[in-house]
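Hi,

Here is the structure I promised to pass on to you. Please have a look at it first, and then read on for what turned up in it.

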Amino acid sequence: MNAGARTIRGATPLALLALAVPTLSLSGCAGDGEGRSATLTGAGATFAMPLISLWSSEYEAMTGGRVNYNSIGSGGGIRAHIDGTVHFAASEAPLSVEQFERAEGTLTIPFTIGTVTLAYNLPEIDELRLTGDVIADIFLGGITHWNDARIEELNPDITLPAERIVVAHRSDGSGTTYVFTDYLAKVSPEWAEQVGSSTSVAWPLGIGGNGNEGVAGAIRNNPYSLGYIELSYANNLGMPTALVRNRAGNYIAPSLEGGTAAAAAAVETLPAGHEPWHDVSFTDAPGETSYPLSSFSYFMVYEDLDRLGSQITPERAESVVRWLEWTVTEGQAFNGDVSNAALPERVRELNLATIERIRFNGEPVRPR
Amino acid sequence: MSLTRKERTGTRAAAKPSDEGAGPSEVVGSRERSSRRRRSLRSPPGGLLRRRWFRYVTAGAAVLVVGMAAIIAFQLWTGSRLAWEEWGLAFITRTEWDPVQGEFGALPFIVGTLLTSGMALLIALPVSLGIAILLTEYAPRALRDPLIFVVELLAAVPSVVFGLWGIFVLAPLVQRHVMPWVAATPLGLLPFFGEPGPGYTLFTASLILSIMIIPIIASLSREVLMAVPRDQKEGALALGATRWEATRHVVLAYGRAGIFSAAVLGLGRALGETMATTMTIGNSLGLNFDFFSPGNSMTAIIANELREAAAEIHVSSLVAIGLILFLMSFILNTVGRLLILQTHKGVG
């Protein structure tokens, strides 16, 4: 009972704070409308958060334009896009057929390339080679020990321990999971049939860690474990990652170059920006140096900005176009800072053609 | 009883300023003020209005809370309708959870929540009772206050901190020492304890939860034990009972219902705990009764998947689990409160 009373008393300053915060942000917004470029609002993937927050501060410094990005998750971003409550959404997965129908007139703009690594915890082993079907079998439970003949066959030069493989995966829905399962579904018919690909799937086994840091922690805490995490986390934490055999038969270490190479190999197959992108994926890409576990992240924006109703003004329409153009051109230089790979030249051209389609009040939008 | 007494003094304290509130803001001569006060004792003109206004405000606040609970329940219902329409009440007993195929069921999560909360209670209850008995019967004054302080401090630690501690300290400890030890005792023969694996398990989550609910159960039980009339205890001692016998047969017997309700409230806290659970439970899917392997809970699955859930039926199923959890905690808390009322009636 004492504790209860204390909490209530403690809550008062918090409540005051909560009252004060919206007031502050409101007064912050009021000033923006006067400037040449109005504040834009975006929502979506958490994976893209480091890049987009870096972008928005650089973009503001260079052009004075402001962008608020809420990393509420791809699912939430897509819902906000369908509801027309944000100027743009970001997602690791392109819109599904059904989502594309509900958000008619959506333009899809790939803006960065993320890379997923297979991190492991094997004492005294610093080079591990894996193939897609072996990874799939480990995650399905068909291969249970490190010294399985199929893993040893790929790694003739090292002695693998006779230990049980501890599998770690994401427990939260995430684009990282989407890329990983998308790859496995391509290379393993068994995986495609039993599990499939999505931002969250029915994992047959393993420990679920919350977020990249959760999976990284599970791998570090458990000797003889294997899991998938984003490249930036593996780099920052100095975790060893496996070489994965690509379609050309080469073992490729996860890297930014490997991601860009994979995207470049897929350029020919990309649809135009206003077409549906639901089956676009360049995991398991062809090409000698392509890393097989890379994927685009996408901006979704309406071709006809009038769909946003009261969210949009002529100034904002210009801001949307200016921001998108900046991200796919000058902005690309910042990819390396957050361990993302930059878009290949051809994809940038494709994006600029897509952005030219954007209209407001029936007119193409040309920023001054 | 202590609660009602506190409540009573609480209202008296709150009422006092409004009684006197008519005067002090204005500067008036002391004689005039005293005559005014005498007058206001007979018929308080401003005081009455103010008191009525005060009553409306408090009533409004109460209605607001009840209304909010109703709105939440309603929203949970509308948000989850799709899942109920698809599977009906069978949603509760379905065991599939496959976002790719759009197949969802709540049973593994309900089981995980009940197992971890139940185990947490099993561990926390004896410890909390020990603390409560020590604090009321045995501890010298000098020890009592610091101990109460520490126990209540434990309640103030944010759950994410418990979760971090669980990941970095408890999980490796459980993996290396606790699970092998339990597996070696006769307990290991029970079907609930399988082959020890990695440290993120139902058992680790239960341990974290037990630590989190100990302060609640301990401080509530302490209040219950303190409410045991002195004469009863002294009577038992006078009859030749040892201190332990008096505690066991009089104090504990007297406070039984109160302790039970403290346990129920602690259980309610464990049911709803999210952050620490999802960080340590292992988040596996599928029905699992083995404490030594990863599991999942209702709170964990919602926290994990809601953010990236894009399909309507996926979102709806998660909200449906939220509704089940809401009803479970609602019922549990009601039972707990009713039992507390019962004890107060009995004691008072």
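A good place to start is A:G42, whose bridge partner in β2(A) is A:Y69. Please keep in mind throughout that this is a predicted model. The pair belongs to a parallel arrangement: strand β1 (residues 40-44) of chain A is joined to β2(A) by 4 bridges. Strand β2 (residues 67-70) of chain A also shows an alternating pattern, with A:V67 and A:Y69 pointing to one face, where they are buried. A:N68 and A:N70 point to the other face and are not buried.

Both strands are part of an open sheet of 8 strands in chain A, with mixed pairing and the order β2-β1-β3-β11-β4-β8-β6-β7. The edges are taken by β2 and β7 of chain A, and each has a single partner strand, so one side of each has no neighbour in the sheet. On average, neighbouring strands of this sheet are turned by 25° against each other, ignoring direction.

Further into the strand order, β4 (residues 106-121) and β11 (residues 294-302) of chain A pair in the antiparallel sense, over 9 bridges. There, A:L107 stands opposite A:V301 of β11(A). Helix α2(A) packs on the sheet and touches β2, β3 (88-91) and β4 of chain A, its direction making about 170° with that of β2(A).

The helix has a second partner. The axes of α2 (residues 49-63) and α12 (residues 314-328) of chain A come within 11 Å and cross at roughly 110°, which means that α2(A) is roughly perpendicular to α12(A). This crossing is right-handed. On the α2(A) side the contact is made by A:W55, A:Y59 and A:T63, and on the α12(A) side by A:R322, A:W323, A:W326 and A:T327. By class, that gives 4 nonpolar, 2 polar and 1 charged residues.

For chain A as a whole, there are 13 helices and 13 strands. Of its 368 residues, 50% are buried. Among the contacts in chain A with a separation of 6 or more, 73% are between residues 24 or more positions apart.

Finally, the interface: 31 residues of chain A and 29 residues of chain B take part in the contact. On the chain A side, the elements giving two or more residues are α1 (2-30), α3 (74-83), β7 (207-209) and α9 (211-221). The most come from α3(A), with 4 residues. That side of chain A has 11 nonpolar, 19 polar and 1 charged residues.

Happy to talk it through whenever suits you.

Best wishes

How values were computed:
Residues are numbered from 1 along each chain as its sequence is written. Chains are lettered from A and ligands numbered from 1 in the order in which they are written. This is a predicted model: local features need pLDDT of at least 70, side-chain atom pairs count only at pLDDT 80 or more; totals for chains, interfaces and linings use all residues. Two residues are in contact if their C-beta atoms, placed from the backbone, lie within 7 Å. Ala, Val, Leu, Ile, Met, Phe, Trp, Tyr, Cys and Pro count as nonpolar, Asp, Glu, Lys and Arg as charged, and the others, Gly among them, as polar. A residue is buried if 20 or more other C-beta atoms lie within 10 Å of its own, exposed if 12 or fewer, and partly exposed in between; C-beta atoms are placed from the backbone. Axes are lines fitted to C-alpha atoms, for helices over the stretch in contact, and angles run from 0 to 180 degrees between N-to-C directions. Angles under 35 degrees count as roughly parallel, over 145 as roughly antiparallel, 65 to 115 as roughly perpendicular and the rest as oblique. A crossing is left-handed if the near helix is turned anticlockwise from the far one by less than a right angle, and right-handed if clockwise. Two strands pair if DSSP finds at least two bridges between them.
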